[in-house]
Structures are given as structure tokens and as C-alpha cells.
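Biologist: Could you zoom in on one part of this model for me? I'd like to see how the charged side chains pair up, and what surrounds them.

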Amino acid sequence: METDEPVATTALFELALLEATLGGARLRELIGGLVEPSAVNPVMEAVRVAREQAGG
């Protein structure tokens, strides 16, 4: 996944690894505690794209 910020790209791939370990529902729950409710779906979509690009 390409972003303008290498740190953001790395963070998305790290979140994709967490999703693989914890499961999507648990990751969604954790993200929901960190961001505004309206941001949960876009973050999860970005994680999905990062996971697919990583071959998962």
C-alpha cells in the first residue's frame, strides 16, 4: 500500500499482522476505542488492502 508517509504504511502492515493474530472483530473493537466511530471502517478497509498487498 502506498501512502505519503512511510510510517503510516508500516503501521497499516502492522495492523494487518494484528488482524491475522486477533481476528477482524477484535481488531475492529480495539480500533474503535482509539479513533472516532466514523474512522473505524476506513481504517479497517486500509488494513484489508495492506493485508492483500502483503499476500494474506
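Modeller: One cut-off before we start: a residue is buried under 20% relative accessible area, exposed over 50%, and partly exposed in between. Keep in mind too that this is a predicted model.

Side chains of opposite charge can pair when their charged atoms come close. Here, the count comes to four salt bridges, and among them is the one between R26 and E29, whose closest N and O atoms are 2.8 Å apart. Both residues sit in helix 2, three residues apart, which is about one turn of the helix. They fall on either side of a cut-off, though: R26 is partly exposed because its relative accessibility is 37%, while E29 counts as exposed at 53%.

Now hop over to helix 3 and look at R48. R48 bridges to E45, with 2.4 Å between the closest N and O atoms, and these two are separated by about one helical turn because they are three residues apart in helix 3. R48 also meets E52 in a salt bridge, at 2.5 Å from N to O. That pair lies in helix 3 as well, four residues apart, again about one turn. Through shared partners, the salt bridges join E45, R48 and E52 into one network. As for exposure, R48 has a relative accessible area of 28%, so R48 is partly exposed. E45 is partly exposed too, at 38%, and E52 is partly exposed at 48%. The neighbouring residue number, Q53, is also in helix 3, and Q53 is partly exposed because its relative accessibility is 49%.

What do these two helices sit against? The buried residues of helix 1 pack against helix 2 (24-32) and helix 3 (37-53). Those buried residues are T9, L12, A16 and E19. They lie on the same side of helix 1 because they cover an arc of only 75 degrees around the axis. The face turned away from that buried side carries the exposed residues P6, V7, L17 and T21. Helix 1 itself runs over residues 6-22 and reaches 24 Å from first C-alpha to last, close to the expected 24 Å. Just after helix 1, G23 takes a positive phi of about 95 degrees.

Away from the charges, L18, L22 and L30 make a nonpolar surface patch of about 230 Å². L18 belongs to helix 1, and L18 is partly exposed because its relative accessible area is 39%.

Conventions: Residues numbered from 1 in each chain as written. Predicted model: local features only at pLDDT ≥ 70, side-chain atom pairs only at ≥ 80, totals over all residues. Heavy atoms only, no water. Expected span 1.5 Å × (residues − 1). Buried < 20%, exposed > 50% of the residue type's maximum accessible area, 1.4 Å probe, protein only. Arc of directions from axis to C-beta. Contact = heavy atoms within 4.5 Å. Patch = residues over 30% accessible without salt bridge, like charges linked within 9 Å, V, L, I, M, F, W, Y side chains within 5 Å. Areas by Shrake-Rupley, 256 points an atom, 1.4 Å probe, with all protein chains shown as cover. Salt bridge = Lys/Arg side-chain N within 4 Å of Asp/Glu carboxyl O.
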